[in-house]
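Work through the exercises below with the sequence and the model open beside you. Each task is followed by a solution that proceeds step by step.

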Amino acid sequence: MIRILGALIGLGFTVVVLWAFGNGAYSAMTEDVAATAEHEFYLSPKDVDFQHEGAFGTWDLAQVQRGYQVYKEVCAVCHSMKFVAFRDFAEIDYTEEEVKALAAEVQVPGIDPNTGEATMRAGVPTDYFPSPYPNKVAAAAANNNAIPPDLSLMTKARGHGTEYVYSLLTGYGPIPEELSEEFPEFTTPTGLYFNQYFPNLNLAMAPPLTSAGQVTYADGTEATVDQMAKDVSAFLTWTAEPTLVKRKQTGWPVLGFLLFATILAFMSKKYVWSSVKPKTED
Amino acid sequence: MSYPWAREYEPKTGLTKFLDEKLPLPRLVYNAVGAGYPVPRNLSYMWNFGVLAGFFLVVQIVTGIVLAMHYAANAEVAFATTEHIMRDVNWGWLMRYAHANGASFFFIVVYIHIFRGLFYSSYKAPREMIWLLGVVIFLLMMATAFMGYVLPWGQMSFWGAKVITGLFGAIPLVGEPLQVWLLGGFAPDNAALNRFFSLHFLLPFVIAGVVILHIWALHIPGSSNPTGVEVKSESDTLPFHPYYTAKDGFGLGVVLLFFMAMVFFLPNALGHPDNYIEANPLATPAHIVPEWYFWPFYAILRAFTADFILSAKLWGVIAMFASILVWFFLPWLDKSPVRSGHYRPMFRKFFWFGLIPAMIVLFICGGAPAEEPYVMASQIATAYYFLHFLVILPLISSLEKPEPLPYSITEAVLGSDKKAVLGENTTPAV
Amino acid sequence: MADTTGTATPEAAVEHGEDGVRRRDFINIAAIGAAGVGGASVLLPLISQMAPSEDVLAESSTEVDISAIEPGQAIKAIFRKQPLFVRRLTEKEIAEAGAVNAGSLRDPQTLEERTKEGHRDILVTMGVCTHLGCVPLGAAEGEVKGEFGGYFCPCHGSHYDTAGRIRKGPAPTNLEVPEYVFTSDTVIQAG
């Protein structure tokens with residue numbers, strides 16, 4: 001009885017899902033699926049090498065520091081970085097004094113101890129990065145309704161995040177001719193910028209890195225657009241996961257020990273079972 | 001309850017004698033996973049996964065309790081406290097990555113455990129209750145995992161909660177009030193986050209309770225084995241300890257190697273980047289996908305794209321739940337007297353060339369965007385899924401002519417020159 | 001108990017001879033030992049995760065502006081999430097504290113040992129009674145200062161004098177003087 005009922009239910013589901021299949025097949029045959037420019041001209045992030053990549057990668061601290069300079073002088077005008085505190089900079093090779101000095105460069109909201117009124121005070125190492133806008137509405141209003149995203153976790157929040165950031169920063173350009181030929185109606189609306197590394201090809205952020213020497217590196221590295229993009233990508237990888245290198249460095253001894261223990265477990269298993277293994281010749 | 005030749009626990013020291021009289025816990029352990037539990041001697045490595053699933057339940061509970069010490073279930077700060085765990089808490093990143101990947105590994109070992117049960121028909125009499133409890137555990141795991149994924153309050157957390165509770169909205173009449181009741185609001189917010197946290201903390205202990213019942217039920221008929229032939233004599237079994245403790249120890253080492261490699265070197269590979277974006281009720285991610293372990297069922301949900309008397313949405317919801325509920329009826333749908341797929345030629349073909357490919361297709365389609373050819377592929381696979389369990393399995397249990405079984409487990413392991421003529425599939429799987 | 005029947009039990013291994021047994025035992029002990037070491041090392045992160053996290057450790061210093069404190073007055077600040085008392089002593093209070101023979105006290109300390117050179121009138125102590133951690137009275141205007149004119153803990157009746165030293169009651173030691181420095185004449189930094 002249960003099997004007859006079961007078969008009926010099974011056939012019922014099959015009929016319904018095949019009906020859906022038939023409908024889908026019919027519309028697939030009769031209607032053209034319009035190709036979209038986003039689908040055909042979006043490019044996956046470029047492959048760039050970074051020292052922190054790979055199972056043995058370590059931070060290029062000089063590069064991360066340069067990246068911070070790019071963030072501070074270019075990105076921070078619009079983008080917040082709310083999960084990073086100045087004290088964290090001790091991890092990328094800044095001394096305690098330098099951390100204090102970096103913190104003191106920014107003004108953070110404070111309270112006047114005498115009157116209780118809201119004021120601004122110089123930052124201290126325990127402060128987190130201040131947001132360039134007081135709230136989301138202000139951020140939207142100042143940026144043509146596109147709120148600049150927080151950058152703390154940006155490289156983890158996108159596939160191949162480090163490469164994505166680099167590709168996006170260096171990926172601005174004119175609309176290619178092939179695209180215009182294939183999709184004549186495709187345009188970049190005013191206030192947006194064409195970028196093939198952005199999923200829908202039109203990005204609200206104006207090209208932030210435009211000319212070589214936009215920042216002046218203290219260590220004398222030539223500040224080409226490519227170099228600045230790479231440096232800031234490395235920096236944002238660090239902000240997204242400050243524990244990245246420590247994690248990999250902890251992983252090796254753990255795996256080594258586990259391998260050793262597993263081999264021992266295998267030998268132990270073999271010895272325990274050796275007395276009951278069937279004889280091959282009998 | 002156990003075989004007559006099972007060894008009896010003999011307390012030797014004063015302390016163990018005292019304990020055995022007052023609270024025979026050592027005796028319980030001895031009989032459950034010690035030398036007092038005789039186990040078929042021919043279990044393959046496929047039989048390791050029950051113990052491994054238990055291990056990952058413990059990993060999840062331990063790391064989960066640790067994370068709960070630092071996490072705050074409030075929509076304002078949930079995302080920030082998760083980042084606090086990742087950045088500031090000592091070893092917090094390790095705890096969180098172990099918990100996130102531990103969930104994935106829990107599902108991997110449980111899926112292998114389930115499909116081992118399907119291939120060897122472990123659900124058949126006298127083991128129906130073990131199977132039923134197992135399906136209950138799986139359902140509880142799915143609920144727990146879903147609610148856990150909401151807690152970091154990233155974009156996928158938020159939209160996953162919205163979409164999955166939206167499924168209940170498909171139920172006629174009571175659907176929408178039910179959805180609002182589940183969320184404690186009109187969209188996921190503090191109320192939903194807090195209750196999900198509370199239940200996410202509670203359910204693992206419920207799972208642990210059902211696991212104890214699952215093991216209890218297992219010890220009544222004893223473990224099945226790759227031949228599917230019941231234990232006949234002492235020579236068919238070995239004591240669990242030291243034989244299977246040693247074997248499980250090795251299996252655990254191998255799985256831990258994979259687990260730790262993921263935790264330390266690819267901790268985010270099984271997650272979705274969008275969950276590192278804080279929840280935003282005003283912007284939906286381009287593709288909402290659940291965690292990978294839900295993909296096959298998510299594909300069944302989305303396979304129903306056309307109305308047929310009922311709305312397509314309702315069909316999808318019914319089919320998704322039915323796809324798991326059908327497992328409850330397997331002991332009564334499959335009437336073949338032979339258990340092991342090794343001796344069932346037709347069943348074997350449908351298993352390897354029907355069910356497994358269908359599951360793989362459903363898995364791929366569940367993770368893919370809702371566009372062709374994924375939708376049509378998932379529809380074919382969904383049809384096969386239901387046909388397999390509800391039509392093919394009952395039919396072949398009548399039609400099929402099983403291959404000859406070995407006389408006993410011992411014979412299957414050691415070979416025999418005098419017993420019944422054996423099929424070629426009797427080589428031991430050990 | 002021949003192996004060929006397949007009925008071997010663990011005892012059968014004994015027949016493998018002395019060396020076999022020893023080697024097998026050694027491997028088993030090593031495997032169990034490795035599992036033990038692995039299990040124990042998991043305890044390290046499990047235990048240390050409960051220690052103060054980095055953001056808590058980083059907030060372990062506090063600056064206090066003392067310019068507005070009049071002699072005889074005290075202020076309460078917060079240092080490591082606990083009250084910090086900063087008090088400007090009057091001439092009379094300094095004299096009282098100095099008149100006591102330090103050696104006769106439960107926790108012998110002089111006022112000089114408890115204040116900084118050049119700022120003898122500034123007494124910085126934790127506002128945490130050394131008995132069981134209550135906040136003593138006496139820092140705010142109008143509060144009871146106890147029998148010795150310093151601080152008084154209402155929980156179990158500990159009296160502290162004008163140098164914050166325990167004089168009467170159950171507290172075992174003087175109010176703790178935290179590490180602090182004068183970053184200027186009017187600002188101290190604790191921690």
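## Exercise 1: Chain C as a whole

Of the 191 residues that make up chain C, 38% count as buried, where buried means under 20% relative accessible area, exposed means over 50%, and partly exposed lies in between (1.4 Å probe, protein chains only). The model is a predicted one, in which local features need pLDDT of at least 70 and side-chain atom pairs count only at pLDDT 80 or more, while totals for chains, interfaces and linings use all residues. Residues are numbered from 1 along each chain as its sequence is written, chains are lettered from A and ligands numbered from 1 in the order in which they are written, and side-chain values use heavy atoms, with hydrogens and water left out.

Task: describe the secondary structure, the contacts and the domains of chain C.

Solution.

1. Begin with the elements: chain C holds 4 helices and 9 strands, helices (H or I, at least four residues) and strands (E, at least two) being DSSP runs numbered from the N terminus. Along the sequence they follow the pattern α-α-β-β-β-α-α-β-β-β-β-β-β.
2. Turn next to the contacts, defined as heavy atoms within 4.5 Å. Among the contacts in chain C with a separation of 6 or more, 51% are accounted for by residues 24 or more positions apart.
3. Then consider the domains, whose bounds come from an automatic or database domain assignment: chain C is divided into domain 1 (10–48) and domain 2 (56–190). The centres of these two domains of chain C, taken over C-alpha atoms, are separated by 58 Å.
4. Finally, compare the record: an unreviewed UniProt entry lists "domain: Rieske" for residues 87–189 of chain C, with positions given in the numbering used here, feature names shortened, and annotations that may be inferred rather than shown by experiment. In the model, the end C-alpha atoms of residues 87–189 of chain C lie 15 Å apart, and the span is 13% helix and 24% strand.

## Exercise 2: Domains and a helix of chain A

Task: establish how chain A is divided, and then place A:T237 and A:D231 within their surroundings.

Solution.

1. The domain assignment of chain A gives domain 1 (39–80 + 148–244) and domain 2 (83–130). Their contact takes 13 residues from domain 1 of chain A and 12 residues from domain 2 of chain A, while 27 Å separate the two centres, taken over C-alpha atoms.
2. From an unreviewed UniProt entry comes the annotation "domain: Cytochrome c", which covers residues 62–240 of chain A; this span is 34% helix and 8% strand.
3. A:T237 is placed in helix α8 (residues 225–240) of chain A, and with a relative accessible area of 8% A:T237 is buried. Once neighbours within four places in sequence are left aside, A:T237 is in contact with A:H52, A:W59, A:T155 and A:T162.
4. A:D231 forms a salt bridge with A:R66, with 2.8 Å between the closest N and O atoms, a salt bridge being a side-chain nitrogen of Lys or Arg within 4 Å of a carboxyl oxygen of Asp or Glu. Because A:D231 lies in helix α8 of chain A and A:R66 in helix α3 (residues 61–73) of chain A, the pair ties together parts that are 165 residues apart in sequence. Both A:D231 and A:R66 are buried.

## Exercise 3: Salt bridges beyond chain A

Task: which chains does the salt bridge of B:E278 and A:K82 connect, and from which loops?

Solution.

1. The side chains of B:E278 and A:K82 meet in a salt bridge (3.1 Å, N to O). The pair crosses between chains, from B:E278 in the loop between α10 (240–265) and α11 (295–303) of chain B to A:K82 in the loop between α3 and α4 (96–104) of chain A.
2. B:E278 is partly exposed at a relative accessible area of 25%, and A:K82 is partly exposed at 40%.
3. For comparison, C:R120 and C:E117 meet in a salt bridge (3.2 Å, N to O), in which C:R120 is partly exposed, with a relative accessible area of 23%, whereas C:E117 is exposed, at 69%.
4. Salt bridges that share partners also join B:K124, B:D334, B:R344 and B:E400 into one network. Over all chains, the count comes to 26 salt bridges.
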